[in-house]
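Q: Please take a close look at a single part of this model and describe its packing in detail. A connected account would be preferred to a list.

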Amino acid sequence: GQSLPTQIVLGMYEFAASLKLAVFLIFSAALVLGTATVVERSYGLRAVHFGIYGTWWFTLLNALLAVNIFCAAAIRYPWKRHQTGFVVTHAGLLVLLVGAIQSFSFGIEGRITLTEGETLTALMLPDRSQITARWEEFPNEPPYEFSFDVGPVDWNASRSLDVGVVDGVSARILRFYRHAKPVTEW
């Protein structure tokens, strides 16, 4: 026979490739996506990105599904000619899941409006806030820009957000009110 560590690894591999795990993960994903649909309808796209799509556990669910799909295809290697559709389907699902994980974890949404002949170096991030700071003593120095995402809900009193440090001076957001409107007094 095989050694105990080898048996454990093979058992984990077979479990990772199992149809039972696939059914559980697909059912879980369907439940989460159904919940996300309700949250989006009630609270908007930002809330569902903040509370579901941008969470570590949603990324983990997608990663586990990707591992299951990979192992389900790999355990049948070497593939026969009649399995071409199976392999292509699983490879396509893996590409979709890896793209989703990358988008949810590292992607940003932005907008650039250009007219003919114009060039820009900035991206408009409609879901992010920004603080621009400059030193009064150095008016010719370019401003410091801190971009951050405060989320879609009002903060409780204990939450704050450090957004950056400039020459030893730190910037921190102490409160966020989602429906606040700026008021300018002259």
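A: A crossing of two helices is called left-handed if the near helix is turned anticlockwise from the far one by less than a right angle. In this predicted model, helix 4 passes helix 5 in such a left-handed crossing. Helix 4 spans residues 56–74 and helix 5 residues 84–106; their axes come within 9 Å and cross at roughly 160°. Helix 4 is therefore roughly antiparallel to helix 5, since angles over 145 degrees count as such.

On the side of helix 4, this contact is built from Phe58, Thr59, Asn62, Ala63, Leu65, Ala66, Ile69, Phe70, Ala72 and Ala73. Helix 5 contributes Phe86, His90, Leu93, Leu94, Leu97, Ile101, Phe104 and Ser105. By class, 14 of the residues in the contact are nonpolar and four are polar, with no charged residue taking part.

The loop between helix 4 and helix 5 holds Pro78. The peptide bond leading from Tyr77 to Pro78 is cis, and its omega is near 0°. Most peptide bonds, by contrast, are trans.

Helix 4 also packs against helix 2, at an angle of about 150° and with the axes 10 Å apart. This crossing, too, is left-handed. Here helix 2 supplies Leu21, Ala22, Leu25, Ile26, Ser28, Ala29, Val32 and Leu33, which meet Trp57, Phe58, Leu61, Leu64, Leu65 and Asn68 of helix 4. The contact of helix 2 with helix 4 has 12 nonpolar and two polar residues, and again no charged ones. Phe58 and Leu65 of helix 4 take part in the contact with helix 2 and also in the contact with helix 5.

The three helices come together again in the lining of the second largest pocket: helix 2 (19–43), helix 4 and helix 5 are the elements that give two or more residues to this lining. The pocket has a volume of about 210 Å³. Of its 14 lining residues, Leu19, Ala22, Asn68, Ala72 and His90 lie nearest its centre. Ala22 and Asn68 belong to the contact of helix 2 with helix 4 as well, whereas Ala72 and His90 belong to the contact of helix 4 with helix 5. Helix 4 provides the largest share of the lining, with four residues. In class, the lining residues divide into 10 nonpolar, three polar and one charged.

Methods
Residues numbered from 1 in each chain as written. Predicted model: local features only at pLDDT ≥ 70, side-chain atom pairs only at ≥ 80, totals over all residues. Heavy atoms only, no water. Axes fitted to C-alpha atoms, helices over the stretch in contact; angles between N-to-C directions. Parallel < 35°, antiparallel > 145°, perpendicular 65-115°, else oblique. Contact = heavy atoms within 4.5 Å. Nonpolar A, V, L, I, M, F, W, Y, C, P; charged D, E, K, R; others polar. 1 Å grid on protein atoms, 1.4 Å probe; cavity = no way out; pocket = protein on both sides within 12 Å on 5 of 7 lines; lining within 4 Å. Points joined across faces, edges and corners; volume = space filled by probe spheres on them.
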